[in-house]
Amino acid sequence: MNGPSTTGRATCSRCLRPQMTCLCALARPTDHCTEVLVLQHPQEQRQAKNSVALLRLSLAHCEVVVGERFAPAPPAPATAAGSSLRLVVIDATWRKSLRMLLEHPPLAALPRLALEAPAPTRYRAIRAARRADHVSTLEATEQALAMLEGPGFDAAPLLDAFGCFVGGVAARQGYRADRRPELQRHADQGNHEQAVRR
């Protein structure tokens with residue numbers, strides 16, 4: 001993981017988020033056996049609505065690597081009985097994730113795990129989705145772990161944490177939306193004053 005921001009804004013050293021929006025209290029330890037590796041595009045790391053920070057805090061065996069180019073590419077997951085299994089997840093927009101695959105043939109060659117009829121996303125409350133089956137990285141990882149580990153995987157703690165995260169972001173967005181008409185009125189007034197002076 002990259003280190004905390006060096007800007008003047010106070011940042012939590014654990015979740016790397018501003019102290020005002022720290023995610024540590026939301027994290028819910030979720031037992032799992034599969035190793036999770038998240039390859040995160042740098043632009044996603046700066047997104048306040050990104051779910052990977054909460055995923056990393058809640059899963060004991062989750063590593064996040066930030067970048068656009070990775071060398072060497074992650075090895076193919078083993079599938080033999082008793083061997084370790086690694087789930088590689090790309091955290092990026094659809095366009096950027098496709099580019100990351102094209103630029104890393106060994107990564108593109110890894111076996112794919114198709115999600116079977118993913119549940120409706122809770123993410124839509126805070127981030128637009130073009131299709132009904134588009135889900136957050138946290139939700140996609142949760143569903144993949146459920147497919148890989150079967151009934152032994154209990155996703156309830158992770159999904160509860162995600163629900164609280166979405167609710168908090170939505171509440172902050174609602175506050176900003178409530179203020180936007182007032183801010184726009186002042187902006188329009190300022191533009192009118194400039195037009196009059198000209």
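**Close-up views of a predicted model**

**View 1. Leucine 39 and its partners on either strand.** In this view leucine 39 stands opposite valine 65, a residue of strand E2. The model shown here and in the other views is a predicted one. Leucine 39 also stands opposite isoleucine 90, which belongs to strand E3. Other residue pairs can be picked out as well: valine 38 has valine 64 of E2 as its bridge partner, and valine 36 stands opposite leucine 87 of E3.

**View 2. Three strands form an open sheet in which the pairing is parallel.** In what order do the strands of the open sheet lie? The order is E2-E1-E3. Strand E2, which covers residues 62-66, and strand E3, which covers residues 86-91, stand at the edges, and because each has a single partner strand, one side of each is left without a neighbour in the sheet. On average, neighbouring strands of the sheet are turned by 20° against each other, when direction is ignored. How many bridges join strand E1 to E2? Strand E1, made of residues 35-40, is joined to E2 by 5 bridges, and the two strands run parallel. On the other pairing, E1 is joined to E3 by 6 bridges, and these strands also run parallel.

**View 3. Strand E1 is largely enclosed, and the side chains of strand E3 alternate.** Of the 6 residues of E1, 5 are buried, so this strand is largely enclosed by the rest of the structure. Along E3, the side chains of Leu87, Val89 and Asp91 point to one face and are buried. The side chains of Arg86, Val88 and Ile90 in E3 point to the other face and are not buried.

**View 4. Helix H5 lies across strands E1 and E3.** The helix is made of residues 137-149, and H5 runs at about 160° to E3. With its 13 residues, H5 reaches 18 Å from its first C-alpha to its last, which is close to the 18 Å expected at 1.5 Å a residue. Which residues of H5 are buried? They are Thr137, Leu138, Glu139, Thr141, Glu142, Gln143, Ala144 and Leu145. After H5 comes glycine 150, which has a positive phi, near 75°.

**View 5. Cysteine 12 and cysteine 24 are both buried, but the structure holds 0 disulfides.** Why is there no bond between the sulfurs of cysteine 12 and cysteine 24? The closest cysteine sulfur to that of cysteine 12 is the one in cysteine 24, and because the two are 3.6 Å apart, they are too far from each other for a bond. The cut-off used for a disulfide is a pair of cysteine sulfur atoms within 2.5 Å. Seen from cysteine 24, the closest cysteine sulfur is likewise that of cysteine 12, at 3.6 Å. Cysteine 12 has a relative accessible area of 10%, while cysteine 24 has one of 18%. Cysteine 12 lies in the segment before E1. Leaving aside neighbours within four places in sequence, the residues in contact with cysteine 12 are Arg17, Gln19, Cys22 and Cys24. One of these contacts can be followed further, since cysteine 12 and cysteine 22, although separated by 10 residues in sequence, have C-alpha atoms 6.4 Å apart in space.

**View 6. Threonine 30 is a buried residue in the segment before strand E1.** The relative accessible area of threonine 30 is 5%. Which backbone oxygen does the side chain of threonine 30 reach? The side chain reaches the backbone oxygen of arginine 28, at 3.0 Å. If neighbours within four places in sequence are left aside, threonine 30 is in contact with Ser58, Leu59, Phe153, Asp154, Pro157 and Leu158.

**View 7. The whole chain, with 6 helices and 3 strands, places the close-ups in context.** Read along its sequence, the protein chain follows the pattern β-α-α-β-β-α-α-α-α. What percentage of the 198 residues counts as buried? For the protein chain as a whole, that share is 33%. Among the contacts with a separation of 6 or more, 72% are accounted for by residues 24 or more positions apart in the protein chain.

How values were computed
Residues numbered from 1 in each chain as written. Predicted model: local features only at pLDDT ≥ 70, side-chain atom pairs only at ≥ 80, totals over all residues. Heavy atoms only, no water. Buried < 20%, exposed > 50% of the residue type's maximum accessible area, 1.4 Å probe, protein only. Pairing = 2+ DSSP bridges. Helix = DSSP H or I, 4+ residues; strand = E, 2+ residues; numbered from the N terminus. Axes fitted to C-alpha atoms, helices over the stretch in contact; angles between N-to-C directions. Contact = heavy atoms within 4.5 Å. Expected span 1.5 Å × (residues − 1). Polar contact = N/O pair within 3.5 Å; in protein donor to acceptor, adjacent residues only side chain to side chain.
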